[in-house]
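User: Please take a close look at a single part of this model. I would like its position, its burial and its surroundings in one connected account.

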Amino acid sequence: MRITSLILLLILFFSDATSTAQQKNYIIHTVAFYNFENLFDTINDPVTNDDEWTPTGLQRWTSKKYHHKLENLARVLSEIGSSENSDSPTFIGGSEIENRGVLEDLIKQRKLINKDYGIIHFDSPDKRGIDVALLYQKKQFRPTSFSNIPLYVYRNDTKSKEVTKIESDEKTDDVLQVSSQSHRIYTRDQLLVTGFLDGEEINIIVNHWPSRSGGEKKTSPFREAAGALNRKIIDSIQRINPNAKVIILGDLNDGPYNRSVKIGLGAKAKKGEVLPLGIYNPFEEMAKKGMGTIAFRDAWDIFDQIMVSESLLKLDKSSFSYWKAGIYNKAFLIQTSGQYKGYPLRHSSTEIGFSDHFPVYIYLIKEKK
């Protein structure tokens, strides 16, 4: 009996030792994306349609509410990926951002300030004034280049007003707006950032594709064009370096199975289907299981996605590779009562919530030398 107990004790000891060794032998970085949902300051910008997000506007958006919103977002961002990585995300892609100023206020929040995040942001032509951006931990990542790449999409049957709102059959603040002169739809640029993570070059594309305002089918060509532009950016990177490591993240306003992702971008649901230079989307399998980042009429979908190039799927862990992905949907982010019980806890007239989207994340791992 004593021999059996001793053997069991030794097995448990070496099992724990092996587990600890595995944790120590790998570097883990979290890559996250979050739609911040209307992260506006309280100042009226005469150039954009931000009037409702002011103290006298429809939302009665006061300084107190604004700072409460920042605290809420900082809490979420500091905790994404914490189940496998004690550090907050190395990269945070964001959307629905009014300007650089709100990001500077965000990274100064108590839960984020010690992480020393850098900001990469450009103003986009979106008429609401909302942009995409990338936050990165300066101690982990060194950017070498970044650029905003415009998406040109047009609507030919626009009415005569200078800016026309297309009627929507889906509840969204993100209404498509069109120029009567050029027929161009004003939407977000795509942000490309290249730099070095622990000595390895990484390319990140941050997205917020055109909304479904006006109907999913009617607006699908705009998002298909967004997917095609992503693919064009990736192709240009891979022509220079076929082994380039590329991460695509954002709110795509489409699910992983829609044409914009499957055809425009060419993403695959299974690692075994991904050819050299191809793209893997871990969120398609999650969508098939009924998981979601956003809900509409009690139906869930995954609009927020992170995809990786085939070069990040290598079995060799001597350089960074994709490990696994997830949706951060902790209980405190979920509405607990009312008409939208079970939905993401967003801002309302009575409560400062978080966002109408759940954030998503992936892990990159690399064996320590």
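Analyst: The part described here is strand S3, followed by two single residues for context. The model is predicted, so local features are taken only at pLDDT of at least 70 and side-chain atom pairs only at pLDDT 80 or more, while totals for chains, interfaces and linings use all residues. Numbering runs from 1 along each chain as its sequence is written, and side-chain values rest on heavy atoms, with hydrogens and water left out.

Strand S3 covers residues 117–121; strands (E, at least two residues) and helices (H or I, at least four) are DSSP runs numbered from the N terminus. Because 5 of its 5 residues are buried, S3 is largely enclosed by the rest of the structure. Buried means under 20% relative accessible area, exposed over 50%, and partly exposed in between, with a 1.4 Å probe and protein chains only. In a regular strand the side chains alternate between the two faces of the sheet. Tyr117, Ile119 and His121 point one way from S3, and Gly118 and Ile120 the other way. S3 pairs with strand S4 (residues 131–137) in the antiparallel sense over 5 bridges, where pairing requires that DSSP finds at least two bridges between the strands. Tyr136 in S4 is the bridge partner of Gly118.

Arg231, in helix H4 (residues 216–240), is also buried, with a relative accessible area of 16%. Beyond four places in sequence, Arg231 has contacts (heavy atoms within 4.5 Å) that include Gly264, Leu277 and Gly278. Asn258 lies in the loop between strand S10 (246–251) and helix H5 (259–265) and is buried at 11%.
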